[in-house]
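Please open the model in a viewer and follow the selections below in order. Each stop names what to select and then describes what is found there.

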Amino acid sequence: QKDTGAGYLEAEEEFQKALVLDKSNDRAIAGWVLAMAFGRGNGIEDEMAAVAMELLVAAEQRGGAGRVYTAHAHLLLARNGNMNDVKVMAERGKNSPSDRDKALALLALGQSQISKNPQYAAESFAQALKLDPKLKRAYLAQSQLLLTLGRYREAMTNIEKQLELGADQWDAADALARTWFEVGEVPKAHKVYEAAYKADPRNVETLELLAAS
């Protein structure tokens with residue numbers, strides 16, 4: 001719920017402990033996968049992704065809760081999976097009785113439609129934030145939508161505001177830095193990565209991005 005790099009790393013470790021005790025715990029499976037998807041993004045190793053997928057499929061065959069399908073949708077997003085599959089999983093995730101879980105499902109649904117149907121994506125993000133106003137990555141998703149529409153200044157302003165709430169949000173930092181790269185401001189991009197790394201030195205993804213910048 002902190003929605004920070006450090007928070008997701010800690011959550012991943014705790015959910016792993018729960019799965020050691022009971023690998024059929026659907027809540028732990030969903031939590032572990034979401035923590036990886038949000039904390040590691042496309043840095044998830046193939047072997048770990050395969051294990052996560054195996055656990056998700058088993059949970060779904062048991063008639064998994066909405067959060068399981070939502071976790072599946074976000075794992076596919078992190079792995080650059082098929083957007084139609086993301087949409088299917090997110091739609092199933094919307095059936096969760098929890099407003100926070102519904103918000104996460106709507107977030108995935110909107111992300112699956114950014115390139116196909118920007119208006120639908122915008123509506124999904126707005127609904128997600130109505131259900132959970134503290135969902136920081138919904139604001140990031142809105143910024144990503146603005147970037148695809150060529151509204152760079154608005155997008156960068158939104159991300160900068162998000163990072164003011166905490167520099168330890170590597171995906172937001174990455175989005176902002178990549179935008180600075182795109183407009184030719186390399187030193188500013190490097191500073192963004194540097195701040196994110198200082199906020200959470202354990203995040204290998206940020207370190208790699210800093211080195212590459």
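**The whole chain**

The protein chain has 12 helices and 0 strands. The model is a predicted one. With the chain coloured by secondary structure, the elements read α-α-α-α-α-α-α-α-α-α-α-α from the N terminus on. Of the 213 residues in the protein chain, 48% are buried. Among contacts between residues at least 6 apart in sequence, 52% join residues at least 24 apart.

**First stop: E60 and Y69**

Select E60, which is placed in helix α3 (residues 46-61). Which side chain of opposite charge is nearest to E60? It is R92, 5.6 Å away; E60 is buried yet has no salt bridge. A salt bridge requires a side-chain nitrogen of Lys or Arg within 4 Å of a carboxyl oxygen of Asp or Glu. Residues up to four places away in sequence aside, E60 touches V68, Y69, H72 and M89.

Move next to Y69, a residue of helix α4 (residues 66-78). Y69 counts as buried because its relative accessibility is 14%. Without residues up to four places away in sequence, the contacts of Y69 are E60, G64, M89, R92 and G93. For a distance check, select V57 as well: the C-alpha atoms of Y69 and V57 are 9.2 Å apart in space, and the two residues are 12 apart in sequence.

**Second stop: T70**

Stay in helix α4 and select T70. Is T70 buried or exposed? T70 is buried, with a relative accessible area of 1%. Show its contacts, leaving aside neighbours within four places in sequence: T70 meets L34, M89, G93, D101, L104 and A105.

**Third stop: salt bridges**

The structure holds 10 salt bridges, and three of them are visited here.

Select D101, one of the contacts of T70, together with R67. These two form a salt bridge in which the closest N and O atoms are 2.3 Å apart. The pair links distant parts of the chain, with D101 in helix α6 and R67 in helix α4, 34 residues apart. D101 is buried at a relative accessible area of 8%, whereas R67 is partly exposed at 21%.

Then select E12 and R40, a salt bridge with its closest N and O atoms 3.0 Å apart. E12 belongs to helix α1 and R40 to helix α2, so the pair ties together parts that are 28 residues apart in sequence. E12 counts as buried at 4% relative accessibility, and R40 as partly exposed at 23%.

The third pair is E154 and R151, whose side chains meet in a salt bridge of 2.9 Å, N to O. E154 is partly exposed, with a relative accessible area of 38%, and R151 also counts as partly exposed, at 38% relative accessibility. Add E45 to the earlier selection of E12 and R40: salt bridges that share partners join E12, R40 and E45 into one network.

**Final stop: the second largest pocket**

Select Q1, Y8, F15, R67 and R100, which lie nearest the centre of the second largest pocket among its 20 lining residues. Helices α1 (5-21), α2 (26-40) and α6 (99-112) are the elements that give two or more residues to this lining. About 370 Å³ of space lies in the second largest pocket. How do its lining residues divide by type? They comprise 8 nonpolar, 5 polar and 7 charged residues.

How values were computed
Residues are numbered from 1 along each chain as its sequence is written. This is a predicted model: local features need pLDDT of at least 70, side-chain atom pairs count only at pLDDT 80 or more; totals for chains, interfaces and linings use all residues. Side-chain values use heavy atoms; hydrogens and water are left out. On a 1 Å grid over the protein atoms alone, a cavity is a set of points where a 1.4 Å probe fits but cannot get out, and a pocket is an open set with protein on both sides within 12 Å along at least five of seven lines; lining residues have an atom within 4 Å of a point. Grid points are joined across faces, edges and corners, and a volume is the space filled by probe spheres set on the points. Helices (H or I, at least four residues) and strands (E, at least two) are DSSP runs, numbered from the N terminus. Ala, Val, Leu, Ile, Met, Phe, Trp, Tyr, Cys and Pro count as nonpolar, Asp, Glu, Lys and Arg as charged, and the others, Gly among them, as polar. Buried means under 20% relative accessible area, exposed over 50%, partly exposed in between (1.4 Å probe, protein chains only). Lys and Arg count as positive and Asp and Glu as negative; His and the chain ends are not counted. Contact means heavy atoms within 4.5 Å.
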